[in-house]
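I opened this entry to look up how the chains are divided and where they meet. My notes follow, in the order I took them.

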Amino acid sequence: MSQEFNIEIISPDKSIYSAQVEEAVLPCFEGQITILKDHIPLITFLRPGLIELENKKKFYVEDGTVEFSNNNLLILSASAQSLKDIKNQNIESMIKDTEEKILKNKISDKQKYILNYKIETLRQLN
Amino acid sequence: MPSLDDLKKRIKSVKSTQKITKAMKMVAAAKLKKAQENAEKGRPYSQKLHNIILNLTKSISDVTNAPKLLVGNGKDQVYLCVVITADRGLCGGFNANICKLAKKHFKKILKEGKDLKIITVGSKGHDQIKTEFGKYIIDKKSFKEKKQISFKEANEVGNKIIELYEVEQFDKCFIFFNNFKNVITQIPQAQQIIPALINNGEKVKNETSFYEFEPDEDEILEDLLPKNVSTQIFKAFLENAASEQGSRMTAMDNATRNAGDLVDKLTINYNRSRQASITKELIEIISGAESL
């Protein structure tokens, strides 16, 4: 029996990716989650990081919502981009912007946590 | 009776107007195709987000402690209305229809003795509303320089609304936009986005599945609901963009046809008066020859 399930990544503008995969690794808010077939129904949301699929496809996300049910994995994210696209952009300036944001005093711990992950992910890419 | 020269000039000017309206129609048709595609591409996101929220709300046990964006803050006094129109004119009744609907709502709200606050998006709507309801407008936004409206702009408007909600500047929020049905029909609509009206008998698709939530439901909802506001606004933007082009296309098609009719009529007039002047000249020559 095949061990594949549907994955769909959708942004407000368009459907970014849709395929059958065996495994997906998601950067969820409380840690990385790997999803395999017949995972129990799950709703959670993402922190900045990389979505990794088994066929070496990677997507960068900053936020998003994940729903898994009946072997359909649905990722809704306004900021999802495939890794190829993001490499063409100026990652360094993105890191700088984020670092500046972190230094402002007003932000909450939760935001700080998210921004820290963003910097870390971007550094990794660079 | 205008002179022959006048008629000639008139025909020429109508013809060049016709050329312009025809060109505008073509441009609108090309843009419409793109806008329609975008609107269709945007639908799954808002639909699925809506579904997730439905699933979430089902599992909330304690309604009184649910996030305010979902169930409201219990008051019903201050209304915020976001009127979304185009930045450009010459698109038939597009802008006027939204404003008409919005004004009707405004009057109703004021009649009930409630407070009104207005945010306009798009310069045309602002112009039409400010004469009558200018003192209620608290903010105006315009994305005239932007070639294509993206989620970023919708997010900007959405965040602004949520900021206002958090400091309790209003209790309920409506958006006004044109829903794109097809090229000739666009329906102006009012939609309530805060509190998110969800429990109106809609059925949840995955009745059987019980979800695991990580972190818990409340936190997910808190993350999700602001996004839902932006998504609804983005959806309204997309629908509006498609409607605007559709409406402009129809309007320009009508204008082109009218101009064609007018040219035909003027040409007949022109030919008649030319014929009349020729006949007159002939009669003059003949009667001159006869008198010799």
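**Domains and the A–B contact**

I began with chain B: the C-alpha centres of its domain 1 and domain 2 lie 50 Å apart. I keep in mind that this is a predicted model.

I then looked up the bounds in chain B. Domain 1 is made of two segments, 4-22 + 252-287, and domain 2 covers 29-249.

Next came chain A, where the assignment gives domain 1 as 5-83 and domain 2 as 90-125. The C-alpha centres of these domains of chain A are 22 Å apart. Five residues from domain 1 of chain A and four residues from domain 2 of chain A make up their contact. On the domain 1 side of chain A, I noted two nonpolar, one polar and two charged residues.

I turned to the contact between the chains. Which residues meet there, and how many? I found 24 residues of chain B in contact with 22 residues of chain A. On the chain B side, α1 (4-58), β6 (212-214) and α6 (217-291) each supply at least two residues. I marked α1(B) as the element that gives the most, with nine residues. By class, the chain B side that touches chain A has 13 nonpolar, six polar and five charged residues.

My last stop was the strand pairing across the chains. Strand β5 of chain A, residues 42-45, pairs with β6(B) in the parallel sense, over three bridges. I checked which residue faces A:L42, and B:E212 in β6(B) stands opposite. So ends the entry, with β6(B) noted both for the residues it supplies to the contact and for its pairing with β5 of chain A.

Technical notes: Residues numbered from 1 in each chain as written. Chains lettered and ligands numbered in written order. Predicted model: local features only at pLDDT ≥ 70, side-chain atom pairs only at ≥ 80, totals over all residues. Domains from an automatic or database assignment. Contact = placed C-beta atoms within 7 Å. Nonpolar A, V, L, I, M, F, W, Y, C, P; charged D, E, K, R; others polar. Helix = DSSP H or I, 4+ residues; strand = E, 2+ residues; numbered from the N terminus. Pairing = 2+ DSSP bridges.
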